[in-house]
Amino acid sequence: MKSNFFGRLLVLSLLLALLAGCGLKRNPIPAEMQALASLPGYDQVRFFGDTTPKHMNKVMKQWAELSRLNMLPEEISFLSLSGGGADGAFGAGFLCGWTERGDRPNFGLVTGVSTGALIAPFAFMGPDYDPFIEMFYTTFETSDLVLERSYVSAISGDSVYSTEPLKQALKKFVNHDFIAKIAVEHRKGRRLLIGTTNLDAMRPVYWDIGALAQYGTPEADQLIRDVILASASVPVAFPPVYFKVKAGDDIYDEMHVDGGVSNQVFCYPPSIHLAEELEKIGEKRKITLYIIRNDALITEGVQVEPYIGGIAARSLAGLIRNQGIGDLYRMYYTAERDGVDFRLTFIPPDYNEKSDELFSPVYMSKLFVLGHNMAKAPNPWHTAPPSTTARKGPDAVPAEIIIK
């Protein structure tokens, strides 16, 4: 299913390129002003993920103050949830199994991209929301999340699918009461970041969802839902999300899409030397970074059919997978530099179930069980990214055993 899906997207992208100028109208921010854009009415709720935030000193001072005021755990745990589409069912199952295992931390920082952005708010709020995560990734099907558009509508518009069903689902589940709970946790010093890609600037943007939640208005609530939707909006497949921004005296729009276009998974920018920043505020607790990668990492050999769809699908899948591996190595070496313990889990390379649709409850339920059982295994974590040439790690458990 994925191969056909990627192939169709790339072919449609070529058609759209040929018909450039026939699409929707917008008011884009001029390129020379993109770095100056701000969100009217909001302060310090996002930053470019490829640089150190301008308000970094303020962030660290707040962390120090909140650490003194609140009963925080003896160790700090970060959780990063990757992209992966329907394969997010693996991460959902892993979190639920981790709860049953009994040693799931109360995370000080949770980050999410794409399908990980859909899971992240509920992972941030803790095990009480495991039933929702399970329901979402084992019972929802394609029509519950997206609606396919006609080729005519797709070519004259901005996507193959409409995400109207997903918008309504977010409005129902990421509601005002839920967002108010995120705001409470933010005031305790915990942080929730969602990554999108600013397609105009072609840069990652990390949104501080807890900071947005502090505003407590219907407009801020909708902005949070829009950020989550943007992070999960695969370009061409799903429509981009537009954010009104101000630059100078004028109002423009920014086009944001799937955070996976820039990072398949992230924690904090490598430009932040975390060990040095923590030393400044006297923070000496041990930090562990847990990464759930909703992918198998290894691309098995196939015989590619000599037609544009097959070539496109194979190429795009390779780009996404290899980008994800690069992200993991970046995070690994950054963690090593900063004295952060690195823990990684991912879909076993020998897991070869296929889906017959974009979001199949049958396919996702099997992945959920796989992740659930892996989390309860004796040693579910890798302490470094695996070699891309290795088909199985030294302590890996074959998928066919785990899912029984």
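Let's start inside, with helix 4: its buried residues are Thr115, Gly116, Ala117, Leu118, Ile119, Ala120, Pro121, Phe122, Ala123, Phe124 and Met125. That is eleven buried residues out of eleven, so the helix counts as mostly covered, with buried meaning under 20% relative accessible area. Just after helix 4 comes glycine 126, which has a positive phi near 100 degrees. Keep in mind as we go that this is a predicted model.

Helix 4 also takes us to an empty space. Searching the whole structure turns up three cavities of 30 Å³ or more, and the largest of them holds about 90 Å³ of space. Helix 4 (115-125), helix 5 (130-139) and helix 8 (164-173) each put at least two residues into the lining of this largest cavity. If you want to pick the lining out in the viewer, select Leu118, Ile119, Phe122, Phe132, Ile133, Phe136, Tyr137, Leu166, Ala169, Leu170, Phe173 and Val174. What sort of residues are these, polar or nonpolar? The lining of the largest cavity comes out as twelve nonpolar, no polar and no charged residues.

The second largest cavity has a volume of about 60 Å³. Around it sit Cys267, Tyr268, Pro270, Leu289, Arg330, Met331, Thr334 and Ala335. Helix 13 (residues 308-338) is the biggest giver here, supplying four residues to the lining of the second largest cavity. This lining is a mix: six nonpolar residues, one polar and one charged.

Now step back to the chain as a whole. It has 15 helices and eleven strands. Of the 404 residues in the protein chain, 54% are buried. What about contacts between parts of the chain that are far apart in sequence? Taking contacts between residues at least 6 apart in sequence, 79% join residues at least 24 apart. On the outside, the protein chain exposes about 18,400 Å², and carbon and sulfur atoms supply 56% of that area.

Next, the open spaces. The second largest pocket has a volume of about 870 Å³. It is lined by 43 residues, and the closest to its centre are Val59, Gly189, Arg190, Arg191 and Asp208. Two or more lining residues come from each of strand 1 (46-48), helix 2 (56-69), strand 2 (76-81), helix 9 (176-187) and strand 6 (191-198). Which element gives the most to the lining of the second largest pocket? Helix 2 does, with seven residues. By type, the lining of this pocket divides into 23 nonpolar, nine polar and eleven charged residues.

Stay on helix 2 for a moment, and look at methionine 60, which is found there. Methionine 60 has a relative accessible area of 4%, and because that is under 20%, the residue counts as buried. Who are its partners? Leaving aside neighbours within four places in sequence, methionine 60 is in contact with Glu277, Leu278 and Ile281. A C-alpha to C-alpha check with lysine 280 makes a similar point about sequence and space: methionine 60 and lysine 280 are 220 residues apart in sequence and 8.6 Å apart in space.

Two backbone spots deserve a look as well. Methionine 202 has a positive phi of about 50 degrees although it is not a glycine. You will find methionine 202 in the loop between strand 6 and strand 7 (203-208). Is methionine 202 buried or partly exposed? Its relative accessible area is 49%, so methionine 202 is partly exposed, the cut-off for exposed being over 50%.

Valine 236 is the other spot: it is not a glycine either, yet has a positive phi of about 75 degrees. Valine 236 sits in the loop between helix 11 (218-231) and strand 8 (241-247). With a relative accessible area of 19%, valine 236 falls under the 20% cut-off and is therefore buried.

Finish with helix 14 (residues 361-375), where a quick bit of arithmetic can be checked. At 1.5 Å a residue, its 15 residues should span 21 Å, and because its end C-alpha atoms are 21 Å apart, the model agrees with the expectation. The buried residues in helix 14 are Pro361, Tyr363, Met364, Leu367, Phe368, Leu370, Gly371, His372, Met374 and Ala375. As a guide to reading such a list, an α-helix has 3.6 residues a turn, so residues three or four places apart point the same way.

Key:
Residues numbered from 1 in each chain as written. Predicted model: local features only at pLDDT ≥ 70, side-chain atom pairs only at ≥ 80, totals over all residues. Heavy atoms only, no water. Expected span 1.5 Å × (residues − 1). Buried < 20%, exposed > 50% of the residue type's maximum accessible area, 1.4 Å probe, protein only. 1 Å grid on protein atoms, 1.4 Å probe; cavity = no way out; pocket = protein on both sides within 12 Å on 5 of 7 lines; lining within 4 Å. Points joined across faces, edges and corners; volume = space filled by probe spheres on them. Nonpolar A, V, L, I, M, F, W, Y, C, P; charged D, E, K, R; others polar. Contact = heavy atoms within 4.5 Å. Areas by Shrake-Rupley, 256 points an atom, 1.4 Å probe, with all protein chains shown as cover.
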